[in-house]
Amino acid sequence: MSIHESMPGPVEDGVASARNATFMASYLDSLTLVERLHRLLLDVIKDEFERLGVLEINAVQALLLFNVGDNEVTAGELKSRGYYQGSNVSYNLKKLVEAGYMHHQRSEIDRRSVRVRLTEKGRDVQKVVEELFAKHASGLVDRGVLDQEGIEDITSSLRRVERYWTEQIRYIY
């Protein structure tokens with residue numbers, strides 16, 4: 001075999017370039033979809049609370065209450081779990097405490113740290129979001145939009161992207 005036969009030629013380079021361009025277009029489409037789905041999720045939650053006449057909290061706050069659930073957490077823990085940005089979570093926790101959706105208590109060990117947990121009012125919001133998600137899960141299956149295998153495939157793929165992005169952040173410098 002000659003040296004020319006073992007080296008990539010213009011055809012192979014063109015195929016690789018087209019494959020990369022196709023993947024890049026699909027990747028950008030996926031990013032746009034993830035971003036749009038997040039906004040839609042917040043709109044769906046907002047609409048549910050408007051329908052119920054609960055207007056004193058926003059969709060981000062309702063989702064925060066859902067994510068806290070039965071746990072007692074700090075703002076830092078919510079941030080480290082990847083749910084929220086630091087300033088965003090602090091602001092919303094403050095508003096939820098003021099509105100009576102959460103209890104807060106300074107840590108005995110570290111007085112700078114504040115732990116929060118849901119009040120009964122907060123648990124009511126958590127239950128509304130939980131029921132909304134349950135209704136959607138049933139609808140996805142009942143209408144044939146997704147089955148168990150489909151949702152597992154999506155979740156698995158998104159977890160791999162999450163791990164990849166996390167590695168990029170940690171090892172970028």
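This is a walk through the structure above, from its overall layout to its salt bridges. Please keep in mind that the model is predicted.

Let's begin with the layout. The protein chain holds seven helices and two strands, and reading along the sequence gives the order α-α-α-α-α-β-β-α-α. The two strands therefore follow helix α5 and come before helix α6, as the pattern shows. Of the 173 residues in the chain, 21% are buried.

A good place to look next is helix α2, which spans residues 10–52 and contains V34. This valine is partly exposed, because its relative accessible area of 44% falls between the limits of 20% and 50%. Together with I151, I154 and L158, V34 makes a nonpolar surface patch of about 320 Å². Which helix gives the most to this patch? That is helix α7, residues 148–171, with three residues.

V34 and L158 turn up again when we move to the largest pocket, where they are among the residues that lie nearest the centre, along with L37, H38 and L41. This pocket has a volume of about 2600 Å³, and its lining is made of 45 residues. Several helices take part in that lining: α2, α3 (59–68), α6 (120–142) and α7 each supply at least two residues. What is the lining like in character, nonpolar, polar or charged? It divides into 25 nonpolar residues, 13 polar ones and seven charged ones.

Now for the charged side chains. Side chains of opposite charge can pair when their charged atoms come close. In this model the count of salt bridges comes to 10, and three of them are worth visiting one by one.

Start with K121 and E56, which form a salt bridge whose closest N and O atoms are 3.1 Å apart. K121 sits in helix α6 while E56 belongs to the loop between α2 and α3, so this pair ties together parts of the chain that are 65 residues apart in sequence. At 33% relative accessibility, K121 is partly exposed.

The next pair is R115 and E77, whose side chains meet in a salt bridge with an N to O distance of 3.6 Å. Here too, distant parts of the chain are linked: R115 is in strand β2 (residues 114–118) and E77 is in helix α4 (residues 75–80), 38 residues apart. R115 is partly exposed, with a relative accessible area of 26%, and E77 is also partly exposed, at 26%. If you look around this pair, you will find a network of salt bridges that links E72, E77, R115 and R117.

A third salt bridge joins the side chains of K95 and E98, at 4.0 Å from N to O. This pair stays within helix α5 (residues 86–98): K95 and E98 are three residues apart there, so about one helical turn separates them. How do the two partners stand, exposed or partly exposed? K95 counts as partly exposed at 34% relative accessibility, whereas E98 is exposed, with a relative accessible area of 52%.

Two further residues let us return to the elements that hold R115 and E77. In strand β2, we find V116. Its relative accessible area is 4%, so V116 is buried, the limit being under 20%. The C-alpha atoms of V116 and H103 are separated by 5.5 Å, and these residues are 13 apart along the chain.

In helix α4, the residue to pick out is G76. With a relative accessible area of 46%, G76 is partly exposed. Its C-alpha atom is separated by 8.9 Å from that of S90, a residue 14 places away along the chain.

Technical notes:
Residues numbered from 1 in each chain as written. Predicted model: local features only at pLDDT ≥ 70, side-chain atom pairs only at ≥ 80, totals over all residues. Heavy atoms only, no water. Patch = residues over 30% accessible without salt bridge, like charges linked within 9 Å, V, L, I, M, F, W, Y side chains within 5 Å. Areas by Shrake-Rupley, 256 points an atom, 1.4 Å probe, with all protein chains shown as cover. Helix = DSSP H or I, 4+ residues; strand = E, 2+ residues; numbered from the N terminus. Buried < 20%, exposed > 50% of the residue type's maximum accessible area, 1.4 Å probe, protein only. 1 Å grid on protein atoms, 1.4 Å probe; cavity = no way out; pocket = protein on both sides within 12 Å on 5 of 7 lines; lining within 4 Å. Points joined across faces, edges and corners; volume = space filled by probe spheres on them. Nonpolar A, V, L, I, M, F, W, Y, C, P; charged D, E, K, R; others polar.
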